[in-house]
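Please open the model in a viewer and keep the sequence panel visible. The tour below proceeds by selections, each followed by an account of what is found there.

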Amino acid sequence: MKVGVVGCGTIAAFHLPTITQHDRVESVSIVDVDRQKADAIAAQFKVNHVYQDLQQMLEEQRPDVVHILTPPSLHAKLAIQAMDHGCHVLVEKPMALTMDDANAMIDAAQKNKVQLCVDHNFLFDPNVLQAWRLIQ
């Protein structure tokens, strides 16, 4: 599969090792408005396709899935843009900052028949599970 990563902040360094080492990943593309940051993380993880514009990456690389790793205020806009291009989307938490944005994202996933997933990476962490047990 082809994977796009949007946003090269701290969390990208947690996503990219898994993405780039997965045997079913054919190619990886990175998008960030800060070209220096994108180039640096691309060099670190040996990613060949670097962009500053999501639209250009979507058109040229045609990813199957896009990881949205930007600040939460941008999640809805970027996720909807990717889904409108037929991409499945994994978005970092929080999914959106408003219910309207979250509902628009869900609507875009349904309209485009793609999967929209929110990365709640600590759900099965032993400490989180223990906290849930204590609360219950």
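Which residue in S4 is the bridge partner of Val5? Select Val5 together with S4: the partner is His67. The coordinates belong to a predicted model, and every stop on this tour should be read accordingly.

**The sheet**

Now widen the selection to strand S1 (residues 2–6) and strand S4 (residues 65–68). These two strands run parallel and are joined by four bridges. They belong to an open sheet of six strands, whose pairing is parallel and whose order is S3-S2-S1-S4-S5-S6. Colour S3 (49–51) and S6 (116–119) next; these strands stand at the edges, and each has a single partner strand, so one side of each lacks a neighbour in the sheet. Looking across the sheet, one finds a twist that averages 20° from one strand to the next.

Add helix H3 (residues 54–61) to the display. H3 packs on the sheet, where it touches S1, S2 (27–31), S3 and S4. The direction of H3 makes about 150° with that of S3.

**Strands S4 and S5**

Return to S4 and show its side chains. In a regular strand, side chains alternate between the two faces of the sheet. Val65 and His67 lie on one side of S4, Val66 and Ile68 lie on the other, and all are buried, with both faces of the strand covered.

Next select strand S5 (residues 88–92), which runs parallel to S4 and is joined to it by four bridges. Across this pairing, His67 stands opposite Leu90, and Ile68 stands opposite Val91. In S5, four of the five residues are buried, so the strand is largely enclosed by the rest of the structure.

**Strand S2 and helix H2**

Move to Ser27, which lies in strand S2. Is Ser27 buried or exposed? Its relative accessibility is 14%, and Ser27 therefore counts as buried, the cut-off being under 20%. Beyond its neighbours within four places in sequence, Ser27 is in contact with Met1, Lys2, Val3 and His49.

Select helix H2 (residues 35–44) and mark Ala38, Ile41 and Ala42, its buried residues. These residues lie on the same side of H2, because they cover an arc of only 105° around the axis. They pack against helix H1 (12–21), S2 and S3. Rotate to the other side of H2, where Gln36, Ala43 and Gln44 are exposed.

**Two loop residues**

Select Gly7, in the loop between S1 and H1. Gly7 has a relative accessible area of 7% and is buried. Residues up to four places away in sequence aside, Gly7 touches Ala12, Val31, Asp32, Leu69 and Thr70. A distance monitor from the C-alpha atom of Gly7 to that of Asp34 should read 9.0 Å, although the two residues are 27 residues apart along the chain.

Thr70, one of the residues touched by Gly7, is the next selection. Thr70 is placed in the loop between S4 and H4. With a relative accessibility of 13%, Thr70 counts as buried. When neighbours within four places in sequence are set aside, its contacts are Val6, Gly7, His75 and Leu78.

**Helices H4 and H5**

From Thr70, continue to helix H4. Which residues of H4 are buried? They are His75, Ala76, Leu78, Ala79, Ala82 and Met83. The elements that cover the buried residues of H4 include S1, H3, S4, S5, H5 and S6.

Finally, display H4 (residues 75–83) beside H5 (residues 99–112). Two packed helices are described by the angle between their axes and the distance between the axes. Here the angle is about 5° and the axes are 9 Å apart. That angle makes H4 roughly parallel to H5, since angles under 35 degrees count as roughly parallel. On the H4 side of the contact, select His75, Ala76, Ala79, Ile80 and Met83; these meet Asp101, Ala104, Met105, Ala108, Ala109 and Asn112 in H5. By class, this contact of H4 with H5 comprises eight nonpolar, two polar and one charged residues.

Notes:
Residues numbered from 1 in each chain as written. Predicted model: local features only at pLDDT ≥ 70, side-chain atom pairs only at ≥ 80, totals over all residues. Heavy atoms only, no water. Axes fitted to C-alpha atoms, helices over the stretch in contact; angles between N-to-C directions. Parallel < 35°, antiparallel > 145°, perpendicular 65-115°, else oblique. Contact = heavy atoms within 4.5 Å. Nonpolar A, V, L, I, M, F, W, Y, C, P; charged D, E, K, R; others polar. Pairing = 2+ DSSP bridges. Buried < 20%, exposed > 50% of the residue type's maximum accessible area, 1.4 Å probe, protein only. Arc of directions from axis to C-beta.
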